[in-house]
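Let's take a look at how a protein and DNA sit against each other. Have the model open beside you as you read.

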2 protein chains.
Amino acid sequence: MTDAILILRQCGIQPTPQRIAVVECVLNGNGHPTADDVLISARKTCPTVSRATVYNTLNLLVEKGLIGMQTIREGAVVFDPNVEKHHHFIDDDTGDIYDIPWDQLDVKGKDKLKDFEILEFQVIMRGRRKKR
Amino acid sequence: MTDAILILRQCGIQPTPQRIAVVECVLNGNGHPTADDVLISARKTCPTVSRATVYNTLNLLVEKGLIGMQTIREGAVVFDPNVEKHHHFIDDDTGDIYDIPWDQLDVKGKDKLKDFEILEFQVIMRGRRKKR
DNA sequence: GTATCGATTTAGACAATGTCAAGATCGGAG
DNA sequence: CTCCGATCTTGACATTGTCTAAATCGATAC
């Protein structure tokens, strides 16, 4: 269980019940929720929270570097509690998104791209998760 | 100038003025248009074309493998006349999307991902295009 | 206790993206 | 010409995301 209040304070954000609910949903939830996923699950602990507050809070958290934001799914941005560099695998059947540790893959040849200043990059893979 | 009629026939799609306009906009246009970009530019040659037809046609073309579809920009899917495997670079300042040839980059380590069956992958880079 | 002030939240309006259904339209076969 | 199937258009609808005005909350001052 993460201490949402502490985390918010460390980022210079006033903790409120609504913001605490949002932080807990993203950080303790599993996976890569959309804003709407967060809204629904935040309402379980804070039933009156509004859509605008969820969006505002998520954007605030992204701005402060507390969570990531990925545009890898059709229709809606997803938020990512993992702020370390990592790659992504998307299961085409289920839509589930999995993190792939950064050091599992090595991308060679970026230095050949003379015309581009690469500030960040990631590998995005699609396919099926094997059932073990 | 691509022969849109021929291309459509080869895919088993009835050529119509609307579909021809859509195909020409995507294939002859530069870059990675959104559906709305295509709608606007298709209306220059076929002023009555409707939004639904543009969406239907684009989805049809994707289904037939004539164009690609990428979810790399926030807010809207982009379509891609380049159906060869390739990577993408996104200019954070302008939002422009550039194709990076497949053989410029080499991704090592995919075979280590035992739990995933990778059907396709690409490297997505963000940053700034250098002015020469 | 109460008034006040700033920050936060809410509700609803709004724009954009994308899908869908119903009716209109088009083109070819008989 | 008529009919029929395919295609197109229009408008409704759901969803995502942003914005604004009004309500609410909390802390401080009196």
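Here is a short report on the protein surface around each DNA strand.

## Before we start

This is a predicted model: local features need pLDDT of at least 70, side-chain atom pairs count only at pLDDT 80 or more, and totals for chains, interfaces and linings use all residues. Residues are numbered from 1 along each chain as its sequence is written, chains are lettered from A and ligands numbered from 1 in the order in which they are written, and side-chain values use heavy atoms, with hydrogens and water left out.

## Around strand C

Start with DNA strand C, which has 19 residues around it. A residue is near a strand if one of its heavy atoms lies within 4 Å of it. The closest ones are Thr16(A), Thr48(A) and Ser50(A), plus Arg51(B) and Val77(B). Look at the strand C atoms within 4 Å of the protein: 69% are sugar or phosphate, and the rest belong to bases.

Now for some polar contacts (pairs of N or O atoms within 3.5 Å; within protein, one must be able to donate a hydrogen and the other to accept it, and residues adjacent in sequence count only if both atoms are side-chain atoms). Thr48(A) has a backbone N or O atom 2.7 Å from a phosphate oxygen of strand C, and Val77(B) has one 2.9 Å from a phosphate oxygen of that strand. Arg51(B) reaches a base instead: an N or O atom in the Arg51(B) side chain is 2.8 Å from a base nitrogen of strand C.

Which helix gives the largest share of the surface near DNA strand C? That's H4(B), with 4 residues. Helices here are DSSP runs (H or I, at least four residues; strands are E, at least two), numbered from the N terminus.

## Around strand D

DNA strand D is also surrounded by 19 residues. Here the closest are Arg51(A) and Val77(A), along with Thr16(B), Thr48(B) and Ser50(B). Of the strand D atoms within 4 Å of the protein, 66% are in sugar or phosphate.

Thr48(B) puts a polar backbone atom 2.7 Å from a phosphate oxygen of strand D. For Val49(B), a polar backbone atom is 3.5 Å from a phosphate oxygen, while Asn59(A) uses a polar side-chain atom, at 3.4 Å. Helix H3 (35-45) and H4 of chain A, with helix H2 (17-28) and H4 of chain B, each give two or more residues to this surface. H4(A) gives the most, 4 residues.
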